[in-house]
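Biologist: Got a minute to go through this one with me? I'd like to talk about charged pairs first and empty space after that.

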Amino acid sequence: MKFSVIFEAQLADPTVEREHQLFRDCVEQAVFAEEMGFDRIWAVEHHSLKWYAHMSAPEVFLTWVAARTSRIRVGHGVVCMPFRFNHPARVAERAATLDLLSGGRLDLGAGRGGTVQETSLCGVDKDRTTQEVEEALRIIGKAWEKDELEHHGPLLDIDPHPILPRPAQTPHPPLFLACSRTDTLRQAAELGVGALVMGFAGPESIAEMRGAYDAAIAGRTPERLVSSAVNDHFAVLCPTIVSDDREAARRIGIRGQRFFAQSIGHWYGGAGIPDEAVVDGTDEAAEMRRAAEQVVARLNEQRVPVRPTATATFNADHAYGTSADAIAYVERLRDAGADEIMCLIQMGTVPQEACLETLRQWGETVIPHFRSGLS
């Protein structure tokens with residue numbers, strides 16, 4: 001099993017000074033993650049999503065981290081692949097450059113960036129994002145497997161052109177797709193790319209998602225694959241804060257997750273802005289339940305069906321507490337079928353010292369537990 005850290009670059013109470021410090025803090029965490037034995041870091045791409053994700057240029061962040069490290073893999077988790085965000089030929093050029101300069105350490109994930117806030121910034125057609133992401137993956141696979149790229153698809157026509165430079169990994173860096181629903185899991189499996197899975201609903205939900213992914217792998221046909229290099233890797237998000245003080249870790253982690261849930265709810269579901277106030281003595285678990293109830297009430301008011309995914313981000317049962325608590329939770333994710341644990345540590349209200357302590361605890365205790373065959 002692999003272990004990684006994912007960066008959204010979340011920021012409570014944004015100011016220019018805090019934003020600049022945030023990026024320096026994320027770099028410090030990424031470099032420390034290599035020292036602590038993590039296998040990979042992931043960086044998202046989002047645009048104009050204040051609070052939720054200030055990581056708008058992950059290719060620059062990942063390049064900076066790659067230059068500061070020597071072993072840890074650097075992953076786009078993900079590139080927004082609709083064409084007005086990033087033309088697929090340009091993605092292939094940038095990604096190959098980073099792969100060769102990092103010594104073959106790149107992983108490339110694709111996603112839609114489908115919020116109204118993001119699509120309106122770049123003039124993206126929201127109704128075409130799913131199709132554009134799939135076509136982009138096909139174009140990138142071709143660009144790296146042949147001497148010249150030629151593509152004539154339903155959405156783009158590209159006459160023969162060499163795509164330069166070529167990546168260090170052959171035939172190319174592993175490809176992934178962001179998966180939050182069963183249909184995207186099936187799409188990833190059919191295309192032969194890895195799944196980057198939101199894991200807020202818990203291990204039972206992860207087991208169901210793994211089952212859907214495996215079933216689609218079993219039933220796929222060769223003509224649906226985007227590349228000859230098939231990647232059936234199933235990576236699962238794991239919110240976590242760990243320290244020797246269980247209650248403090250739970251309080252900090254659940255508060256950070258509440259900020260995450262509120263900020264994603266604002267941009268994806270029209271909820272109010274995140275509650276940034278941190279009050280000593282607050283029962284964070286109770287606040288999470290109250291926030292989830294508010295989401296349900298708003299959906300009911302709008303006569304929108306309330307599905308389990310609507311409140312999944314408010315589920316506080318994650319790897320919060322001591323290293324023993326984290327080990328127990330990771331064992332549940334492993335048993336549910338996770339190939340990789342993507343640690344979500346940098347949430348908007350979590351202080352830098354708590355992020356670094358969590359990385360230390362995972363590096364010194366949690367990761368060695370699974371690598372030494374103790375579980």
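Modeller: Sure, we'll take salt bridges and then cavities, bearing in mind that this is a predicted model.

Biologist: How many salt bridges does a search of the whole structure find?

Modeller: The count comes to 21. A good one to start with is Arg-40 with Asp-107, whose side chains meet at 2.7 Å, N to O.

Biologist: Which parts does that pair tie together?

Modeller: Arg-40 is in strand β2 (residues 40-43) and Asp-107 is in strand β4 (residues 106-111), so the salt bridge ties together parts that sit 67 residues apart in sequence.

Biologist: And are Arg-40 and Asp-107 buried or exposed?

Modeller: Buried, both of them.

Biologist: Which residues are linked with those two in a network of salt bridges?

Modeller: Arg-73 and Glu-340 join Arg-40 and Asp-107 in that network.

Biologist: OK, what about a salt bridge inside a helix? Where do Glu-134 and Arg-138 lie?

Modeller: Both are in helix α5 (residues 129-145), four residues apart, which is about one turn of the helix. Their side chains meet in a salt bridge at 3.1 Å, N to O.

Biologist: Why does Glu-134 count as buried?

Modeller: Its relative accessibility is 16%, and the cut-off for buried is under 20%.

Biologist: Now Arg-334 and Asp-335. What do their side chains do?

Modeller: They form a salt bridge too, at 3.1 Å, N to O. Arg-334 has 29% relative accessibility, so Arg-334 counts as partly exposed. Asp-335 has 59%, so that residue counts as exposed.

Biologist: Switching topic: how do you find empty space in there, and how many cavities of 30 Å³ or more does the structure hold?

Modeller: Rolling a probe the size of a water molecule over the atoms shows where empty space is left. The structure holds one cavity of 30 Å³ or more, and the volume of the largest cavity is about 30 Å³.

Biologist: Which residues line the largest cavity?

Modeller: The lining is made of Glu-59, His-76, Val-79, Val-91, Arg-94, Ala-95 and Leu-108.

Biologist: Which element gives the most to that lining?

Modeller: That's α3, with three residues. Both α3 (88-101) and β3 (73-80) supply at least two residues each.

Biologist: And what's the lining like by class?

Modeller: It has four nonpolar residues, one polar and two charged.

Conventions. Residues are numbered from 1 along each chain as its sequence is written. This is a predicted model: local features need pLDDT of at least 70, side-chain atom pairs count only at pLDDT 80 or more; totals for chains, interfaces and linings use all residues. Side-chain values use heavy atoms; hydrogens and water are left out. A salt bridge is a side-chain nitrogen of Lys or Arg within 4 Å of a carboxyl oxygen of Asp or Glu. Buried means under 20% relative accessible area, exposed over 50%, partly exposed in between (1.4 Å probe, protein chains only). On a 1 Å grid over the protein atoms alone, a cavity is a set of points where a 1.4 Å probe fits but cannot get out, and a pocket is an open set with protein on both sides within 12 Å along at least five of seven lines; lining residues have an atom within 4 Å of a point. Grid points are joined across faces, edges and corners, and a volume is the space filled by probe spheres set on the points. Ala, Val, Leu, Ile, Met, Phe, Trp, Tyr, Cys and Pro count as nonpolar, Asp, Glu, Lys and Arg as charged, and the others, Gly among them, as polar.
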